[in-house]
Amino acid sequence: MDVMRSDAMTRRSWRPVAASGRGAAQVQGLWLGGLMVLAGFAIAFVLAGQNLLPDHYSFDEVKIQGVAQGTQSYAHDPSFQRVGEIYRYVGLADRPLLAGLLGFVAFAVALSVGSQFTALGDRFSLYLVMLMCGCVILGAVYLGRFSKDIFVLLVVVYPLLATRRHMAKGEVAVMAALMAYAAIFRTYWWMVVAVYALIRVASIVFKVRPTLTSLAVMLVGFVIAAVWLFPLFLGVEVEHFREQVNLMDVRADTGSRIDPIVPGDNFVADVANLLLVEVNLQFPVVLAIGGGLLYVGVAGFLTALWVGFYRAALTTSGRRGVEPGFDRAVALCLAFVLVQGIFEPDYGSAVRHLAPLLPLLLYVVTTRHRDVEFGRRRTRRHVRMRDSHGRSPSGRH
């Protein structure tokens, strides 16, 4: 009776059960075939020059290509200048389609590593299919062109490829990659470096694991610290950089601009507004309400992605057998999205800058999925042994 009860409980706990044998191979084939078809459509979109997109998607591309061709200079914006010079150095200044294709292929490789599609198990997950499709589409739109964000992949791929590296060496390597990117391309990434380091110190030294309480404390603490420290050290309010970009931006308003929601010019209003921005970057309620069908779709994708991310962080972080790269990936994604809330002028720019981190976010989500698959198989094997021998593997009835 105990064996029958255990078998029934196992079936309820792990439904739907995974396929085996030929069925598992067929599911794996569906994964690979579907990814190849999706990648083919994305490559065709990139090679078509992305002419279906509105003009405001190409403003950064035009600036970078201008620098690469030597017709424009952005000495006041070193990130544009250096990225354009790199494209010129590698001979892509007059080859936008090739530059876009190489950018998307680099993203697709990182996404393949991050998604661990060969280790997704043998069950078909519609949720993971949706996430993969959304990632590929955004990668084609934002990275299949001249882009500053393509170089973030150099920061993202290393933690993915070195997930099993020794703790000390791994931390040093990731920190070095982050600091190199901050020094060469974007100075505000020094804040990402600092926040990442604080999260890792809290995790390694003080053994703080992601929980609803610790995540809430981190979010509120970061917002209060940013609102308090910006005037002290930089001489400007925390909203200054966002407001400056929006004032100078000559692009047509696409309905995704980030504006203050809580009125007032005081500490409490600044904290409330920054807190709302931080939440809306991950769960874009404001974007979905104020935008059209496209914005609703993007908001739904981001919500699903971040829900999966936090579910994985809460249930998988710190578990025995989890790769060291998992906690690093969680820390880097959290550090980036927190700092992003200070500088992003609109939700479109926020999605553009998040695009190269999608492989890392998907790595976190699929690590939990893989762990669940392993637990499912181990539990079924345990029950089969009890059914065959009438006793558990330890020998107890």
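**Exercise 1. Cysteines**

Is C135 buried or exposed?

*Solution.* Start with the ground rules. This is a predicted model, in which local features need pLDDT of at least 70, side-chain atom pairs count only at pLDDT 80 or more, and totals for chains, interfaces and linings use all residues. Residues are numbered from 1 along each chain as its sequence is written, and side-chain values use heavy atoms, with hydrogens and water left out.

Step 1. Take the cut-offs: buried is under 20% relative accessible area, exposed is over 50%, and partly exposed lies in between (1.4 Å probe, protein chains only).
Step 2. C135 has a relative accessible area of 0%, so C135 is buried.
Step 3. C333, at 2%, is buried too.
Step 4. Look for a bond. A disulfide is a pair of cysteine sulfur atoms within 2.5 Å. The closest cysteine sulfur to that of C135 is in C133, 9.4 Å away, which is too far for a bond. Over the whole structure, the search finds zero disulfides.

**Exercise 2. Helix lengths**

Compare the expected span of α10 with the distance between its end C-alpha atoms.

*Solution.* Step 1. Helices here are DSSP runs of H or I with at least four residues, numbered from the N terminus.
Step 2. The expected span is 1.5 Å times one less than the number of residues.
Step 3. Helix α10 covers residues 212-233, which is 22 residues, so 32 Å is expected. Its end C-alpha atoms are 31 Å apart, in agreement.
Step 4. Repeat for α9. Its 16 residues should span 22 Å, and its end C-alpha atoms are 22 Å apart.
Step 5. Check what follows α10: G235, with a positive phi near 75°.

**Exercise 3. Packing of α10**

Which residues of α10 are buried, and what covers them?

*Solution.* Step 1. The buried residues are L215, L219, F222, V223, A226, V227 and F230.
Step 2. Their cover includes α9 (189-204), α11 (240-248), α12 (267-282), α14 (293-316) and α15 (324-343).
Step 3. Move to α15. L334 is found in this helix, and at 5% relative accessibility L334 counts as buried.
Step 4. List contacts, meaning heavy atoms within 4.5 Å. Beyond four places in sequence, L334 touches I199, L215, M218, F309 and Y310. L334 and I199 are 135 residues apart in sequence, yet 8.7 Å apart C-alpha to C-alpha.
Step 5. Do the same for D327, also placed in α15. D327 is buried at 15%. Its contacts beyond four places are R200, R209, S317 and G318. D327 and R200 are 127 residues apart in sequence and 8.2 Å apart C-alpha to C-alpha.

**Exercise 4. Rings and core**

Describe the Y181 and W189 pair, then place W189 in the core.

*Solution.* Step 1. A pair of rings is described by centre distance and plane angle. Rings of Phe, Tyr and Trp (its six-membered ring) pair with centres within 6.5 Å; planes under 30 degrees apart are stacked, over 60 edge-to-face, the rest tilted.
Step 2. The whole structure has 16 aromatic pairs. Y181 and W189 form an edge-to-face one, at 4.9 Å and 70°.
Step 3. Both are buried: Y181 at 2%, W189 at 1%.
Step 4. Ring pairs link Y87, F146, F151, Y181, F185, W189 and F336 into a cluster.
Step 5. A nonpolar core joins buried Ala, Val, Leu, Ile, Met, Phe, Trp, Tyr and Cys residues through side-chain atoms within 4.5 Å. The largest has 103 residues; Y87, W189 and F309 have the most contacts inside it. Helix α15 gives the largest share, 14 residues.

Technical notes: Helix = DSSP H or I, 4+ residues; strand = E, 2+ residues; numbered from the N terminus.
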